[in-house]
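Subject: The structure, and what turned up in it

Hello,

Here is the structure I promised to pass on. Have a look at it first, and then read on for what I found.

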Amino acid sequence: MAKSNQVLDNLRIRFPEKKKFRFFFLFVILSFTFWIITKLSNNYDSSISFSITLADVPNYIVPKNTGSLELNTEIRGSGFQLLLYKFINDEITISVKDGDFNLDLAHVNLIEQKFSIQQQLFQNTIVKQLNESILNFEFDRLIRKKVPIFPIIDINYKLGYERAEDWRIKPDSVWVAGPSNIMDTLKHFPTQTFKKNKVDKQITQILKLSEIPELKPDVSEVEIIAAVNKFTEKTLETFINIKNLPDSLTIKLFPKSVETTFLVLMDNIEEIGSSDFLFYCDFNDTYGDKANSLKIKLDNKPDGVRNIRWKPKRLDYLIRQ
């Protein structure tokens with residue numbers, strides 16, 4: 001028994017009690033924490049760079065390379081605030097509504113906005129100095145022109161149904177402002193893609209305009225409307241005419257007619273006849289062509305028909321002596 005007690009006493013001498021060790025470790029951690037808090041609570045002067053976001057941009061310009069704009073300042077604030085400015089709250093908004101855009105480089109007075117800059121910082125932060133008094137940035141001047149709306153449509157109609165008219169678009173055109181290098185090639189303004197399947201009734205849809213970098217349309221959306229009706233297929237036999245045939249020649253065609261197949265509204269099927277189509281061959285196409293063959297072309301078609309197909313595509317001919 002005495003020997004066991006002696007072993008326990010030796011262990012207590014070698015190793016401190018766990019509770020005392022934990023208390024000591026906690027004391028060190030708390031002391032370090034309070035020291036950090038005390039230091040960060042003190043005010044310091046520091047150089048801070050903020051990224052710039054431009055606001056109130058006039059509608060006749062487009063700023064360029066704005067991602068590299070910075071506001072370099074000398075400010076006084078607590079350690080906590082300075083850390084936040086460096087890693088989190090590092091953005092300042094600058095208004096350019098009173099800027100000078102008469103030259104190729106924009107000039108914005110920063111001194112006049114010192115109060116606005118101060119208002120965007122924490123309450124006890126003081127802006128001691130702005131390292132630059134003028135903000136300069138490149139920009140493109142905008143020109144305006146009116147272009148038609150171009151709806152991007154991806155529609156699958158129900159079997160037997162088709163769009164029965166051209167798209168009605170409201171408004172059908174839009175004023176667009178943008179840099180000259182883009183506007184010179186802008187022929188129309190597209191919408192976002194409209195997709196729909198198994199359509200069998202009138203389409204009425206609001207479409208947003210596509211977002212194109214550096215372009216500013218006056219409207220953001222348009223309405224498209226189109227009637228959808230039931231169509232059926234019809235086939236007719238139509239005679240072929242010859243154009244530019246010399247008066248001194250007589251030719252015989254093989255065949256003399258084409259088989260024309262097309263889609264037409266069910267309500268109009270009886271109104272469409274062979275005489276409503278005009279197919280022809282141009283005899284001038286024979287020059288340089290050794291084969292006695294001519295391409296058959298469509299010269300006229302009735303309103304309201306679509307998906308017109310005909311066969312054959314070419315005909316043969318013989319010149320009569």
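Which residue forms a salt bridge with Arg76, and how far apart are the closest N and O atoms? The partner is Asp45, and the closest N and O atoms are 2.7 Å apart. The pair ties together parts that are 31 residues apart in sequence, because Arg76 lies in strand 3 (residues 70–78) and Asp45 in strand 1 (residues 43–55). Both ends are partly exposed: Arg76 has a relative accessible area of 36%, and Asp45 has one of 44%. There is a third member here too, since Lys128 is linked with Asp45 and Arg76 in a network of salt bridges.

Before I go further, please keep in mind that this is a predicted model.

**The chain as a whole**

The chain has 321 residues, and buried residues make up 31% of them. Its secondary structure comes to five helices and 24 strands. If you take contacts between residues at least 6 apart in sequence, 73% of them join residues at least 24 apart. The accessible surface is about 21400 Å², with 52% of that belonging to carbon and sulfur atoms.

**Other salt bridges**

A search of the whole structure gives 11 salt bridges. Here are two others you may like to look at.

Glu165 and Arg168 meet through their side chains, at 2.7 Å from N to O. Glu165 counts as partly exposed, at 25% relative accessibility, and Arg168 is partly exposed as well, with a relative accessible area of 35%.

The side chains of Glu221 and Lys208 also meet in a salt bridge, this one at 3.7 Å, N to O. Glu221 lies in strand 16 (residues 221–226) and Lys208 in strand 14 (residues 203–208), so this pair ties together parts that are 13 residues apart in sequence. Once again both ends are partly exposed, with relative accessible areas of 37% for Glu221 and 47% for Lys208.

**Aromatic rings**

The same kind of search finds nine aromatic pairs. One of them is Phe50 with Tyr85, an edge-to-face pair with 5.7 Å centre to centre and 70° between the planes. Phe50 lies in strand 1 and Tyr85 in helix 3 (residues 79–87), so the two rings tie together parts that are 35 residues apart in sequence. Are these two residues buried or exposed? Phe50 counts as buried, at 2% relative accessibility, and Tyr85 is buried too, at 0%.

For a stacked pair, turn to Phe277 and Phe279: their ring centres are 6.5 Å apart and their planes are at 15°, which is why the pair counts as stacked. Both of these residues are buried. Elsewhere, ring pairs link Tyr60, Phe101, Phe137 and Phe139 into a cluster.

Two lysines sit over rings as well. Lys243 lies over the face of Tyr280, at 4.1 Å from the ring centre, and Lys313 lies over the face of Trp310, at 3.9 Å from the ring centre.

**The nonpolar cores**

Which residues touch the most other members of the largest nonpolar core? They are Phe50, Leu71, Ile94, Leu135 and Phe137, out of 24 residues in that core. Several elements give two or more residues to this core: strand 1, strand 3, helix 3, strand 4 (91–95), strand 5 (105–109), strand 6 (126–130) and strand 7 (134–150). Strand 1 supplies the largest share, with four residues.

Phe50 comes up again here, so its surroundings deserve a closer look. Leaving aside residues up to four places away in sequence, Phe50 touches Leu69, Glu70, Leu71, Thr73, Ile75, Tyr85, Asn89, Asp90, Glu91, Ile92 and Leu121. Its ring partner Tyr85 is in that list, and so is Leu71, another of the core residues that touch the most other members.

Apart from this core lies another one, of 20 residues, including Ile155, Leu186, Leu207 and Ala226.

If you open the model with one place in mind, I would start at strand 1: Asp45 of the salt bridge to Arg76 lies there, and so does Phe50 of the edge-to-face pair.

Best wishes

Conventions
Residues are numbered from 1 along each chain as its sequence is written. This is a predicted model: local features need pLDDT of at least 70, side-chain atom pairs count only at pLDDT 80 or more; totals for chains, interfaces and linings use all residues. Side-chain values use heavy atoms; hydrogens and water are left out. A salt bridge is a side-chain nitrogen of Lys or Arg within 4 Å of a carboxyl oxygen of Asp or Glu. Buried means under 20% relative accessible area, exposed over 50%, partly exposed in between (1.4 Å probe, protein chains only). Contact means heavy atoms within 4.5 Å. Accessible areas come from the Shrake-Rupley method with a 1.4 Å probe; for residues, only the protein chains shown count as cover. Rings of Phe, Tyr and Trp (its six-membered ring) pair if their centres lie within 6.5 Å; planes under 30 degrees apart count as stacked, over 60 as edge-to-face and the rest as tilted. A charge sits over a ring if NZ of Lys or CZ of Arg is within 6 Å of the ring centre and within 35 degrees of the ring normal. A nonpolar core is a set of buried Ala, Val, Leu, Ile, Met, Phe, Trp, Tyr and Cys residues joined through side-chain atoms within 4.5 Å.
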